[in-house]
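Hi,

Here is the structure I promised to pass on to you. Please have a look at it first, and then read on for what turned up.

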Amino acid sequence: PPDYFGKLEANIEKNPVDAFGGPDAASPDFNDVQKAISYSMTSLFTTGKIRGGEVIDKFYPRSFNMGIKREVFDKIGGFPITKMHPGEDMVFAIEIIRQGYKTKLFKDCFVYHKRRNTFKSFFIQVFRFGKVRNIISKIYPDTFKIFYIFPTLFVCFVLFSVVGGIIWYVFALPLAFYILLLFFDALMKNKSLKVALYAVYTSFIQLFGYGLGFLQPFFKKDEFGVIKNGFYKKN
């Protein structure tokens, strides 16, 4: 946004932190798929708004909108050199906090984060997000949060609702309610019937992709060698 740097300067003067970050949003000129994906990644009903700007305990800046003091970057050594991707920015943010530096979310300093253009590429992306989150939690167990497993539980919930609904429709009612909730929330936020319909689909992609990806490291051990070697020499 045109006023991004003005707001950023004001925030830094008020909060002289070592690293900062901000939320992301969909620009009006994004296509309908990107707007739907943006909704799925930032909604209260999909990610709990964790990626949309809310902070549970510590704030971990992400690379789509982050800034770091030069001396902090040099001290840590920058992003880890590893074959694991994505997740490098999360590892870097964890190291920033572990080494005692102060981070802060500047809620009004948002950027327009252009998302994937296809449903398939979005699924691949969130599947990888889930996979690396599991791996990162193994190396940094203190960063694990119980809600990381919610997408995997959602997959079980959907399967139960579908199978149970075949036996008795009542079992499918909670899932039907959730779908309607997603649709009307996305409709109110985007003012577009098409985006709202897409948003229901992308929300299921987001939850299924992440949930299934989170399970993969249990079956494919140390795929990138980071559990054995760590991300940095000091791990």
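**The nonpolar core**

The largest nonpolar core holds 22 residues, and those with the most contacts inside it are Met 84, Val 91, Ile 136, Tyr 140, Val 226, Phe 231 and Tyr 232. Helices α3 (70-76), α4 (88-98) and α5 (119-139) each contribute at least two residues to this core. Of the elements involved, α4 gives the most, with seven residues. Please keep in mind that this is a predicted model.

**Aromatic pairs**

I also went through the rings. Across the whole structure, the search finds 19 aromatic pairs. One of them joins Phe 144 and Tyr 148: the ring centres are 5.7 Å apart and the planes stand at 80 degrees, so this pair is edge-to-face. The two partners are not equally covered: Phe 144 is partly exposed because its relative accessibility is 33%, whereas Tyr 148, at 11%, counts as buried.

Another pair is made by Phe 154 and Phe 208, with centres 6.2 Å apart and planes at 85 degrees, so it is edge-to-face as well. Phe 154 belongs to helix α6 (residues 150-167) and Phe 208 to helix α8 (residues 193-219), so the pair ties together parts that lie 54 residues apart in sequence. Phe 154 counts as buried, at 11% relative accessibility, while Phe 208 is partly exposed, with a relative accessible area of 21%. The cut-off for buried is under 20%, so Phe 208 falls outside that class.

Phe 154 and Phe 208 are also members of one aromatic cluster, together with Phe 157, Tyr 178 and Phe 204.

Tyr 148 has a further partner: the charged end of Arg 133 sits over its ring, 4.2 Å from the centre.

**A pocket to look at**

Then there is the second largest pocket, with a volume of about 230 Å³. Which residues line the second largest pocket? They are Ala 26, Lys 35, Ser 38, Tyr 39, Thr 42, Ser 43, Leu 44, Phe 45, Lys 49, Asp 185, Lys 189 and Asn 190. The elements that give two or more residues to this lining are α2 (32-42) and α7 (173-190), and the largest share, four residues, comes from α2. By class, the lining is made up of four nonpolar, four polar and four charged residues.

Happy browsing, and best wishes!

Conventions
Residues numbered from 1 in each chain as written. Predicted model: local features only at pLDDT ≥ 70, side-chain atom pairs only at ≥ 80, totals over all residues. Heavy atoms only, no water. Phe/Tyr/Trp six-rings, centres within 6.5 Å; stacked < 30°, edge-to-face > 60°. Buried < 20%, exposed > 50% of the residue type's maximum accessible area, 1.4 Å probe, protein only. Lys NZ or Arg CZ within 6 Å of the ring centre and 35° of its normal. 1 Å grid on protein atoms, 1.4 Å probe; cavity = no way out; pocket = protein on both sides within 12 Å on 5 of 7 lines; lining within 4 Å. Points joined across faces, edges and corners; volume = space filled by probe spheres on them. Nonpolar A, V, L, I, M, F, W, Y, C, P; charged D, E, K, R; others polar. Core = buried A, V, L, I, M, F, W, Y, C linked by side-chain atoms within 4.5 Å.
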